[in-house]
Number of protein chains: 2
Amino acid sequence: MTGLRAQQKEKTRQAIIAAALNQLSADRTFSSLSLREVAREAGIAPTSFYRHFKDMEELGLTLVDECGVTLRQLMRSARKRFGENISIIAVSVETFMEFVEHNPNIFRLLLRERSGTSKSFREAVAREVKYFTVELSDYLQQSTQLEPALCQIQAEALVTITFNNGADYLDADPVKRLQLIATTTTQLRFIAHGAAAWQKQSSAH
Amino acid sequence: MTGLRAQQKEKTRQAIIAAALNQLSADRTFSSLSLREVAREAGIAPTSFYRHFKDMEELGLTLVDECGVTLRQLMRSARKRFGENISIIAVSVETFMEFVEHNPNIFRLLLRERSGTSKSFREAVAREVKYFTVELSDYLQQSTQLEPALCQIQAEALVTITFNNGADYLDADPVKRLQLIATTTTQLRFIAHGAAAWQKQSSAH
DNA sequence: AATTTGAGTGTACATGTGTACGCTCAAATT
DNA sequence: AATTTGAGCGTACACATGTACACTCAAATT
């Protein structure tokens, strides 16, 4: 009892999402997309759009949420790859950059709307980044024995660096991409090292 | 021989710039501004705009450049405040956040157009960030004796962290702002500490 | 079999946009 | 004093947008 009707609806809903994602590129902000254009590419009349989303904004928030799901899957897969003969930092960076490489448009959406025009967008992105940060902070806490507050600050720095280098990765050629992975890894190690030293120093004050 | 005519022109040119800056706010991207609207606020006819700028894009690039000038002035003043009884990291963070506080709209412009739609915009912002990074890297090199490559990577990380926390600073209330200054300072120290340790470790390999 | 529902359509409209074109008239140049 | 220049104006146009409204017609419900 799938509901043949509901099935079709879901199908065009996906077509709308796909059309929007497809139009998000290096030179297209989400807010520069038009309802009509998205509808056109999805193969429906402009007014049919409203059967699925109240707004372009509602569509955008859906995309951000979808992105969050993908990112969390990614993190799970990263944890699986860790432990053989590769450090947690290296595997995280590599996995993240793979994500960027395979989902450039949706990553660009996150990147832009993080400091974008719509408050609910900014909040949605902040939420996704927070998931990312909290899980990392928890991981650091159990694996490094550092103070919670320190883990939190450290995690925030790690995420910031990774996220931003991801942005550069988007526009880089293959050679530059390898360099970027190396640079990012080094910068993350700076932070990890510095945080550990910080705790030692302050507890031995 | 100022040219009374040229004086007037400069005046309306500044009016255009002021109007654009004024319209850039938390919920207005540069690309969402319209020529007509800017002209309206500047008190001129839409078509008069073209006497001053070829494009909205040309206006935007002018704003970015103006921002660069302001930023460099800021860095000079930061260096003057250093050395009394405050560390270079602390004074840099404070100065930067002051800049953000006093020029929220222009900082938002930088922030957004960095990953924005127009290539020439992205390049212009990248150029300004690079000035910032290079000067910092030079400073690190002469004051810490670390390898040039290491200084460069370190400077990039420092700038990334500062820039991003500046973005959060924009939307924060006064209490959160003080916290942010403290957090940022700590994160920068992590990096500085980590970079120094990195060099020791690798030279003693 | 009769009725209700709702996804998708097509038409229509008001609004805002960038910019082409020809004008004015005061400042600058000759 | 005569001429040139150019900042600013007003009109006009073609175009794209969001969405209101009344519709169809097949699937779902009764």
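This note goes through a predicted model of protein chains with two DNA strands, taking the fold of chain A before the DNA contacts.

1. Secondary structure. Chain A has 8 helices and 0 strands. Read from start to end, the chain therefore gives the pattern α-α-α-α-α-α-α-α, where each helix is a DSSP run of at least four residues.

2. Extent and packing. The C-alpha trace of chain A spans about 70 × 40 × 35 Å along its principal axes. Chain A has 205 residues, and 46% of them count as buried. Among the contacts in chain A with a separation of 6 or more, 63% are between residues 24 or more positions apart.

3. Surface and charge. The accessible surface of chain A comes to about 10800 Å². Carbon and sulfur atoms hold 53% of that surface. Chain A carries 25 positive and 23 negative charges, and the mean positions of these two sets are 4 Å apart.

4. One residue in the last part of the chain. Gln199(A) is placed in helix H8, which covers residues 174-203 of chain A. Is Gln199(A) buried or exposed? Gln199(A) counts as buried because its relative accessibility is 17%, and the cut-off for buried is under 20%. Leaving aside residues up to four places away in sequence, Gln199(A) touches Gln145(A), Leu146(A), Glu147(A) and Leu150(A).

5. Surroundings of DNA strand C. There are 21 residues around DNA strand C, and those that come nearest are Ala45(A), Arg51(A), His52(A), Arg36(B) and Tyr50(B). Of the atoms of DNA strand C that come within 4 Å of the protein, 52% belong to sugar and phosphate.

6. Phosphate contacts of DNA strand C. Which kinds of atom in Leu4(B) and DNA strand C are 2.8 Å apart? They are a polar backbone atom of Leu4(B) and a phosphate oxygen of the strand. Leu35(B) also uses its backbone: one of its N or O atoms there lies 3.0 Å from a phosphate oxygen of DNA strand C. For Arg40(B), the atom concerned is an N or O atom in the side chain, 3.4 Å from a phosphate oxygen of DNA strand C.

7. Helices beside DNA strand C. Helix H1 (4-23) of chain A, helix H1 (4-23) of chain B and helix H2 (35-42) of chain B each supply at least two residues of the surface near DNA strand C. Which element gives the most to this surface? H2(B) does, with 4 residues.

8. Surroundings of DNA strand D. Around DNA strand D there are 22 residues, of which Arg36(A), Tyr50(A), Ala45(B), Ser48(B) and His52(B) come nearest. Sugar and phosphate make up 51% of the atoms of DNA strand D that come within 4 Å of the protein.

9. Polar contacts and helices beside DNA strand D. A backbone N or O atom of Arg5(A) lies 2.9 Å from a phosphate oxygen of DNA strand D. Tyr50(A) has a side-chain N or O atom 2.6 Å from a phosphate oxygen of DNA strand D. Arg5(B) has a side-chain N or O atom 3.1 Å from a base nitrogen of DNA strand D. Two or more residues of the surface near DNA strand D come from each of H1 of chain A, helix H2 (35-42) of chain A and H1 of chain B. H2(A) gives the most to that surface, with 4 residues.

Technical notes. Residues numbered from 1 in each chain as written. Chains lettered and ligands numbered in written order. Predicted model: local features only at pLDDT ≥ 70, side-chain atom pairs only at ≥ 80, totals over all residues. Heavy atoms only, no water. Buried < 20%, exposed > 50% of the residue type's maximum accessible area, 1.4 Å probe, protein only. Contact = heavy atoms within 4.5 Å. Areas by Shrake-Rupley, 256 points an atom, 1.4 Å probe, with all protein chains shown as cover. Lys, Arg positive; Asp, Glu negative; His and termini not counted. Charge placed at Lys NZ, Arg CZ, Asp CG, Glu CD. Near = heavy atom within 4 Å. Polar contact = N/O pair within 3.5 Å; in protein donor to acceptor, adjacent residues only side chain to side chain.
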